[in-house]
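The following note collects points on the model shown below. They are numbered for ease of reply.

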Amino acid sequence: MIYILTIEGREHLLKETIDSLLKFNISKDKIKPIIGFKKDGDKKKQCNSLRAFKELILPQMLEDEDESIMIEDGSIFVRSPYDYCKGKICWCGYIKLLSHYWIGFKCIYFSKEILKDLSNKTIRPQFIDRFFRNYILSNNLEKPTEQSICYQLLYHRANGTEKQRKTKDKYIEQQRKILM
């Protein structure tokens with residue numbers, strides 16, 4: 001099952017992601033959108049993806065008998081995520097890899113063994129990519145694939161300065177061209 005994390009107001013990003021998955025003959029029955037959390041007063045916005053994973057998606061993944069893949073809305077696929085369902089965990093969709101940090105939690109596959117382990121973990125509020133990077137490294141698991149199987153759809157972001165948004169948009173456009 002493919003779980004796509006989205007929030008209200010991002011239906012266009014969800015639709016683009018689903019459309020990109022359907023190109024690989026993935027049945028709509030195998031795609032399940034999950035409406036996550038918007039920023040609420042005492043919670044940090046950047047922690048909402050991890051909170052949605054722990055509280056909304058992980059319990060459903062544990063009940064599901066199929067392979068479990070989590071995707072963030074706005075991810076456009078150039079390869080099928082099912083081609084990467086192997087091992088214990090496979091982080092195959094991201095924005096970029098740095099030597100000391102992995103940016104962008106776009107697509108990740110989880111085995112049942114990993115899901116059970118994650119369900120027993122206490123998860124403190126943090127960025128979702130930081131949490132999974134630390135989890136993978138501390139458990140000596142497979143690092144992300146050498147090349148991402150998706151790119152991020154360009155869209156207006158409220159965060160950052162105009163210069164930061166332009167820089168990110170330029171990088172995303174470069175990545176899209178590389179992957180196509």
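1. Asn140 lies in the loop between α4 and β9 (150-152); helices (H or I, at least four residues) and strands (E, at least two) are DSSP runs, numbered from the N terminus. Asn140 has a positive phi of about 50° although it is not a glycine. At 73% relative accessibility, Asn140 is exposed, where exposed means over 50% relative accessible area, buried under 20% and partly exposed in between (1.4 Å probe, protein chains only).

2. The model is predicted: local features need pLDDT of at least 70, side-chain atom pairs count only at pLDDT 80 or more, and totals for chains, interfaces and linings use all residues. Residues are numbered from 1 along each chain as its sequence is written, and side-chain values use heavy atoms, with hydrogens and water left out.

3. Asn25, in the loop between α1 (11-22) and β2, also carries a positive phi, here of about 60°, although it is not a glycine. Asn25 is exposed, its relative accessible area being 73%.

4. The protein contains 5 helices and 9 strands. From the N terminus, their order is β-α-β-α-β-β-β-β-β-β-α-α-β-α. Of its 180 residues, 47% count as buried.

5. An open sheet of 5 strands follows the order β2-β1-β3-β8-β5, with mixed pairing; two strands pair if DSSP finds at least two bridges between them. Its edge strands, each pairing on one side only, are β2 (31-35) and β5 (89-93). On average, neighbouring strands of this sheet are turned by 20° against each other, direction ignored. Strand β1 (residues 2-6) pairs with β3 in the parallel sense over 4 bridges, and Tyr3 stands opposite Met70 in β3.

6. Which helices lie across β3, β5 and β8? Helix α3 (residues 112-119) does so, running at about 95° to β8 (107-110). Helix α4 (residues 128-138) lies across these strands as well, at about 140° to β5. Axes are lines fitted to C-alpha atoms, for helices over the stretch in contact (heavy atoms within 4.5 Å); angles run from 0 to 180 degrees between N-to-C directions.

7. Asp64 merits a separate look. Asp64 is in the loop between α2 (48-63) and β3 (68-72). Asp64 is buried yet has no salt bridge, the nearest side chain of opposite charge being Lys112, 5.7 Å away. A salt bridge requires a side-chain nitrogen of Lys or Arg within 4 Å of a carboxyl oxygen of Asp or Glu; Lys and Arg count as positive, Asp and Glu as negative, and His and the chain ends are not counted. Leaving aside residues up to four places away in sequence, Asp64 touches Met1, Tyr3 and Lys112.
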